[in-house]
Amino acid sequence: MRSGYIAARLASLTAHPSIVDAFGGSATAVEKARALHPKIGFCVDDICREDFRSRDAYDLVVIREVFWYVFPHLATVLRNPRAGVRPGGYLYVGQSFPVLDREFVGKSVIPNPDALVSLFTEYRPVYSAMLRNHGLETDGPIAHLLLSCR
């Protein structure tokens with residue numbers, strides 16, 4: 001997927017793309033995203049940092065495809081987005097899973113989409129969908145969760 005794709009899709013839904021801020025852990029990816037989508041504010045940041053502070057309070061915070069990379073910092077990663085969601089705002093979580101009946105890295109921590117949902121106890125589930133990954137039978141589901149602040 002192209003750098004900044006999700007932020008660009010969200011920005012296309014508003015008359016003011018500059019209200020969309022996007023964060024990534026890779027300076028290279030952020031640089032590419034800035035070049036592709038100059039009206040969106042892209043920043044390098046690390047959601048695993050204990051001292052992570054959101055730049056603002058947002059109506060929607062999106063976390064996509066990060067959980068397989070952050071196991072040593074999972075408690076911090078689960079706590080940090082809360083600071084960026086304004087009261088009455090939403091957290092969207094999207095995570096692809098490998099085939100669930102096989103072994104995979106992280107299975108002992110997040111074995112399936114239901115286990116992922118159970119990690120977000122500070123939020124109220126609004127919507128969830130489990131879709132087949134890319135329509136391929138050899139891949140597992142993709143979890144899509146929309147959560148609101150309690």
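This report walks through the overall build of one protein chain, then its salt bridges, and then a single leucine.

**The overall build**

Keep in mind that what you're looking at is a predicted model. The chain has four helices and six strands. If you start at the N terminus and follow the chain along, the elements come in the order α-β-α-β-β-α-β-α-β-β. The radius of gyration is 16 Å, close to the 15 Å that the globule rule gives for 150 residues, so the chain is as compact as a globular protein of that length. Its C-alpha trace spans about 45 × 35 × 30 Å along the principal axes.

How much of the chain is buried? Of its 150 residues, 40% count as buried. The accessible surface of the chain comes to about 9100 Å², and carbon and sulfur atoms account for 54% of that surface.

Contacts tell you something about how the chain folds back on itself. Take those between residues at least 6 apart in sequence: 61% of them join residues at least 24 apart.

**Charges and salt bridges**

The chain carries 17 positive and 15 negative charges, and the mean positions of these two sets are 5 Å apart. Some of the charged side chains pair up, and the count comes to five salt bridges. Here are three of these pairs:

| Salt bridge | Closest N to O distance |
|---|---|
| D51 and R49 | 2.7 Å |
| E50 and R79 | 3.0 Å |
| E122 and R82 | 3.4 Å |

Let's start with D51 and R49, whose side chains meet in a salt bridge. D51 is partly exposed, with a relative accessible area of 48%, and R49 is partly exposed too, at 31%.

Next up is E50 with R79, and where do these two sit? E50 is in the loop between β2 (41-44) and β3 (58-64), while R79 belongs to helix α3, which covers residues 74-79. They are 29 residues apart, and the pair links distant parts of the chain. Here the relative accessible area of E50 is 56%, over the 50% cut-off, so E50 counts as exposed. R79 has 40% relative accessibility and counts as partly exposed.

The pair E122 and R82 also links distant parts of the chain, with their places 40 residues apart in sequence. E122 is in the loop between α4 (113-118) and β5 (123-132), and R82 is in the loop between α3 and β4 (85-96). Both residues are partly exposed: E122 has a relative accessible area of 44%, and R82 has 28%.

Salt bridges can also share partners, and that is how D45, R49 and D51 are joined into one network. You've already met R49 and D51 as a pair, and the network brings in D45.

**A closer look at L74**

Now for a leucine. L74 has its place in helix α3, the helix that also holds R79. Is L74 buried or exposed? Its relative accessible area is 11%, which is under the 20% cut-off, so L74 is buried.

Which residues does L74 touch, if you leave aside its neighbours within four places in sequence? L74 is in contact with F67, V109 and L119.

You can also pick out A143 in the structure and compare its place with that of L74. The two are 69 residues apart in sequence, and their C-alpha atoms lie 17 Å apart in space.

Note on methods:
Residues are numbered from 1 along each chain as its sequence is written. This is a predicted model: local features need pLDDT of at least 70, side-chain atom pairs count only at pLDDT 80 or more; totals for chains, interfaces and linings use all residues. Side-chain values use heavy atoms; hydrogens and water are left out. The radius of gyration is taken over C-alpha atoms; the globule rule is 2.2 Å times the number of residues to the power 0.38. Buried means under 20% relative accessible area, exposed over 50%, partly exposed in between (1.4 Å probe, protein chains only). Contact means heavy atoms within 4.5 Å. Accessible areas come from the Shrake-Rupley method with a 1.4 Å probe; for residues, only the protein chains shown count as cover. Lys and Arg count as positive and Asp and Glu as negative; His and the chain ends are not counted. The place of a charge is taken as NZ of Lys, CZ of Arg, CG of Asp or CD of Glu. A salt bridge is a side-chain nitrogen of Lys or Arg within 4 Å of a carboxyl oxygen of Asp or Glu.
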